[in-house]
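Reader: I'm new to looking at protein models, and I'd like to zoom in on one part of this one. Could you pick a helix and walk me through it slowly, along with some of what lies around it?

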Amino acid sequence: MPAPFVPSRRLPRRSRLPALLLAAAVALAGIGSAPLHAAPGKGPDTVADVAEKVMDAVVNISTSQNVAPSRSVPAPQLPPGSPYEDFFDEFFKRRPDDGGEQRSRRVSSLGSGFVIDPSGFIVTNNHVISDADEVFANFNDGSKLKAEVVGRDAKTDLALLKVNPPRPLVAVKFGDSEKLRVGDWVMAIGNPFGLGGTLTVGVVSARNRDINSGPYDNFIQTDAAINRGNSGGPLFNMEGEVIGINTAIISPSGGSIGIGFAVPSATAQPVLAQIEQFKEVRRGWIGVRIQPVTEDIAESLGLGKPRGALIGVVTENSPAAQGGVKAGDVIVKFNGRDIKEVRDLTRTVADTMADTEVEVVVIRKGKEETLRVKVARMPEDDKPDASKPAPEAQKVPPKKALGIELSAMSDDLRKRYRIKSEISGVVITDVDRSSPAADKGLKAGQVIVQVGQEAVASPADVEKQIDALRKAGKRSALFLVSDGEGKQEFVTVPLN
């Protein structure tokens with residue numbers, strides 16, 4: 001089995017490893033105040049100067065919360081008047097050590113954070129302080145201050161805290177994570193296993209990692225040792241600038257095996273700025289559902305090679321709809337930034353301020369077009385609005401094409417396959433198991449909405465589009481299909 005992803009999150013205060021393992025968990029460290037020079041094939045000579053400079057800005061985050069009492073063994077259900085009723089009541093409902101009352105217990109945990117402003121703003125991970133009743137920042141000089149949660153963002157796992165210090169704090173600055181290269185030296189400082197002030201050195205192992213933890217995954221991967229309790233701590237470059245926030249590890253045991261992940265500063269900075277200003281994150285939204293462009297889809301659309309983000313659904317009256325974006329368009333540039341894959345569009349739109357009008361370059365039916373879209377604020381529930389019901393199609397006998405049995409939409413089919421009233425198209429009622437369509441995942445109950453980017457309302461429309469694609473020399477047909485709930489996706493089916 002593959003090793004699981006594990007947040008490098010806070011560790012209960014009472015948890016400790018054996019002394020031998022703790023000694024092994026502490027890595028070499030340090031950074032210098034100026035760019036460091038290393039001999040070919042070797043690491044930096046020392047990182048002690050800058051480590052000393054930034055160490056006081058790194059804090060331990062301790063939290064506590066009251067946990068409601070619970071029993072691991074439920075009391076058995078006995079019939080009234082059972083001879084064992086009194087016995088089980090005595091055993092399960094009363095406890096000798098607390099006079100029969102179940103009391104809540106207080107749980108403490110630890111994480112990491114760092115000061116970004118001398119006035120007392122501190123960055124950490126959301127999972128470090130989630131559900132906490134109290135949050136404290138513990139400083140390198142032994143002082144301790146109660147922290148207020150300014151705001152948090154679960155989608156990027158970031159949180160901003162505020163303390164009121166008696167004097168200005170030592171703070172660190174963000175660097176540009178976009179300038180990082182694989183192989184660059186980096187340093188992590190944090191609170192692994194409760195060992196405050198632990199410093200480790202490694203390199204950038206990879207960039208733009210998607211570990212399926214959220215919609216905006218864009219992690220820096222590093223082999224600098226990151227363990228439980230490092231969550232929320234800074235990842236520094238060799239200039240002493242924060243270029244990432246340590247967030248997760250992949251490990252079968254929960255300890256470092258040299259695969260750690262940090263949120264890039266380029267992702268964190270706009271999020272933290274909005275939290276400081278608005279106490280929340282206000283992301284951009286244009287109202288589309290997108291999917292990756294595969295090689296088959298790229299060939300069907302005449303793109304040459306896979307690129308961009310394919311529009312599957314455009315929400316009615318959304319910014320995208322008002323700007324002229326259509327299902328089947330491939331967005332290749334948004335607000336001046338190239339869109340190479342789906343995640344690029346997701347992050348770029350989210351980072352765009354609401355009420356900003358941007359240029360959107362799309363590939364539509366093989367031709368490039370430039371549209372203007374006014375970005376809106378992402379709603380709490382980003383779901384496409386229901387469109388108006390399509391008129392009922394006339395009943396005609398099923399037809400077959402490419403191993404797919406096609407039927408006109410009817411009330412009976414809507415009821416049989418639980419197809420919502422707002423979905424229109426041609427219903428798939430059967431698929432030959434040995435056909436390419438079956439290999440592509442098409443199945444009975446799905447609705448074909450488009451073929452070759454043309455809307456279809458009857459089996460005859462589907463056959464007509466397939467014939468046109470064959471005459472045009474296409475090797476596959478691009479289907480836009482929907483399930484009964486309205487979730488749409490593009491599927492390519494070979495024409496042979």
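Author: Sure! One bit of vocabulary to start with: helices here are DSSP runs of at least four residues, strands are runs of at least two, and both kinds are numbered from the N terminus. Counted that way, the chain has eleven helices and 30 strands. Keep in mind that this is a predicted model.

A little background on the whole chain helps too. It has 496 residues, and 46% of them count as buried. If you take contacts between residues at least 6 apart in sequence, 62% of those join residues at least 24 apart. The accessible surface comes to about 25,400 Å², and carbon and sulfur atoms account for 49% of that.

Now for the close look: let's take helix H5, which runs over residues 265–278. Does its length make sense? What span should its 14 residues have at 1.5 Å a residue? The expected span is 1.5 Å times one less than the number of residues, so H5 should cover 20 Å, and its end C-alpha atoms are indeed 20 Å apart.

Next, which residues of H5 are buried? Those are Ser265, Thr267, Ala268, Val271, Leu272, Gln274 and Ile275. The cover over them comes from several places in the chain, including strands E5 (121–124), E8 (148–153) and E9 (158–162). Strands E14 (242–250) and E15 (260–264) are also part of that cover.

Right after H5 comes Lys279, and its phi is positive, near 70 degrees. Why point that out? Because most residues other than glycine have a negative phi.

You can find that kind of backbone angle in two of the loops as well. Two of the covering strands, E8 and E9, have a loop between them, and that's where Asp157 lies. The phi of Asp157 is positive, near 60 degrees, though the residue is not a glycine. Buried or exposed, what is Asp157? Its relative accessibility is 15%, and buried means under 20%, so Asp157 counts as buried.

Compare that with Asp131, in the loop between helix H4 (126–129) and strand E6 (134–138). Asp131 isn't a glycine either, and has a positive phi of about 70 degrees. Its relative accessibility is 58%, though, and the cut-off for exposed is over 50%, so Asp131 counts as exposed. So there you have two aspartates with positive phi, one buried and the other exposed.

How values were computed. Residues are numbered from 1 along each chain as its sequence is written. This is a predicted model: local features need pLDDT of at least 70, side-chain atom pairs count only at pLDDT 80 or more; totals for chains, interfaces and linings use all residues. Side-chain values use heavy atoms; hydrogens and water are left out. Buried means under 20% relative accessible area, exposed over 50%, partly exposed in between (1.4 Å probe, protein chains only). Contact means heavy atoms within 4.5 Å. Accessible areas come from the Shrake-Rupley method with a 1.4 Å probe; for residues, only the protein chains shown count as cover.
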